[in-house]
Amino acid sequence: MYYGSLLGEVSYGDKVVILGAGGLGVCASAVASTMGAEVFIAEMAPSRLAKATEFGAHHSVDLSQAEDSAGRVELLKDCTGGGADVVIDLTGVPDAFSESVQATRNGGVMVEIGNITPNKYTQFDPGLFTRTGVQVRAAIRYPQHVLGKAVRFVADTPQFPWEELVDAEFSIDEAATALKKAADREVTRAGLIIDDSDS
């Protein structure tokens with residue numbers, strides 16, 4: 001998430017929308033707010049929003065209040081006063097890609113991180129995209145030099161409850177349950193505990 005914020009050129013005073021309040025969204029909130037941005041965390045599962053505010057998000061946006069895609073875009077534009085300077089999509093939902101571009105202000109930057117699975121599609125209006133001048137940037141991995149900066153960032157921000165980022169722990173035998181709860185957005189971040197005392 002540190003790299004995603006660098007890629008989006010997040011800076012002081014920017015309005016940054018983060019789509020998805022899972023583990024990545026929580027981390028993105030911490031990074032963007034520390035860089036001086038006004039952070040809006042948006043999520044379809046409202047129960048996940050509170051943790052992001054503990055990690056620096058200034059505003060939480062319950063996207064489940066909107067009836068459809070157009071409604072979600074309108075809600076995000078209303079919250080940000082016409083569109084965000086930077087939108088970071090972490091959802092993994094293809095339609096969130098096109099919604100993110102539409103929720104970005106003219107000339108702003110949209111960073112795509114969540115959609116990593118090929119052959120999933122969404123409607124996209126290239127004419128609207130061209131007319132707005134929104135830049136789309138993608139990140140699936142980060143350059144090596146960023147890892148040290150990210151670790152140092154965690155060490156330098158003790159005001160955030162990093163130890164609470166993993167909010168549900170499961171034994172290795174419960175891996176399937178952990179994956180299901182994470183996929184169903186019942187937890188922010190699931191952790192697997194490997195007990196090697198039997199070996």
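**Figure 1. Helix α2 is followed by G36, a residue with a positive phi near 100°.** The model is predicted: local features require a pLDDT of at least 70 and side-chain atom pairs a pLDDT of 80 or more, whereas totals for chains, interfaces and linings use all residues. Residues are numbered from 1 along each chain as its sequence is written, and side-chain values use heavy atoms, with hydrogens and water left out. Helices (H or I, at least four residues) and strands (E, at least two) are DSSP runs, numbered from the N terminus. Helix α2 comprises twelve residues, 23-34, and at 1.5 Å a residue it should span 16 Å; the C-alpha atoms at its ends lie 17 Å apart, which agrees. The expected span is 1.5 Å times one less than the number of residues in the helix.

**Figure 2. Surroundings of helix α2, which is mostly covered.** Ten of the twelve residues of α2 are buried, where buried means under 20% relative accessible area, exposed over 50% and partly exposed in between (1.4 Å probe, protein chains only). The buried set consists of G23, G25, V26, C27, A28, S29, A30, V31, A32 and S33. These residues pack against helices α1 (2-7), α3 (49-54) and α7 (144-156), and against strands β1 (15-19) and β2 (38-43). Contact here means heavy atoms within 4.5 Å.

**Figure 3. Close-up of S5 in helix α1.** With a relative accessibility of 0%, S5 counts as buried. Apart from neighbours within four places in sequence, S5 is in contact with V10, V31, A32, M35 and I88. Two of these partners, V31 and A32, are among the buried residues of α2. S5 and E186 are 181 residues apart along the chain, and their C-alpha atoms are separated by 26 Å.

**Figure 4. Helix α4 and its covering elements.** The twelve residues of α4 should span 16 Å at 1.5 Å a residue; the end C-alpha atoms are 17 Å apart, in agreement. Buried residues of α4 are G71, R72, V73, L75, L76 and T80. Their cover includes strands β1, β2, β3 (59-62) and β4 (84-89), together with helix α5. Just after α4, G81 adopts a positive phi of about 75°.

**Figure 5. Crossing of helices α4 (residues 69-80) and α5 (residues 94-103).** The two axes come within 9 Å and cross at roughly 35°. Axes are lines fitted to C-alpha atoms, for helices over the stretch in contact, and angles run from 0 to 180 degrees between N-to-C directions. The crossing of α4 with α5 is right-handed; a crossing has this hand if the near helix is turned clockwise from the far one by less than a right angle, and is left-handed if anticlockwise. On the α4 side, S69, R72, V73, L76 and K77 meet E99, Q102 and A103 of α5. The residues of this contact comprise three nonpolar, two polar and three charged. Ala, Val, Leu, Ile, Met, Phe, Trp, Tyr, Cys and Pro count as nonpolar, Asp, Glu, Lys and Arg as charged, and the others, Gly among them, as polar.

**Figure 6. Aromatic cluster of Y2, F55, F153, F160 and W162, linked by ring pairs.** The whole structure contains seven aromatic pairs. Rings of Phe, Tyr and Trp (its six-membered ring) pair if their centres lie within 6.5 Å; planes under 30 degrees apart count as stacked, over 60 as edge-to-face and the rest as tilted. The ring centres of Y2 and F153 are 5.9 Å apart with planes at 55°, so this pair is tilted. The pair joins distant parts of the chain, with Y2 in α1 and F153 in α7, 151 residues apart. Both Y2 and F153 are buried. In the pair of F160 and W162, the centres are 6.0 Å apart and the planes stand at 85°, so the arrangement is edge-to-face. F160 is buried at 7% relative accessible area, and W162 is buried at 17%.

**Figure 7. Loop residues E9 and N119, each with a positive phi.** Most residues other than glycine have a negative phi. E9 lies in the loop between α1 and β1 and has a phi of about 55°; its relative accessibility of 52% makes E9 exposed. N119 is placed in the loop between β5 (104-112) and α6 (126-132). The phi of N119 is about 65°, and at 64% relative accessibility N119 is likewise exposed.

**Figure 8. Close-up of A178 in helix α8 (residues 175-183).** A178 is buried, with a relative accessible area of 4%. Not counting residues up to four places away in sequence, A178 touches F170, A190 and L192. R189 is eleven residues from A178 in sequence, and their C-alpha atoms are 9.2 Å apart in space.
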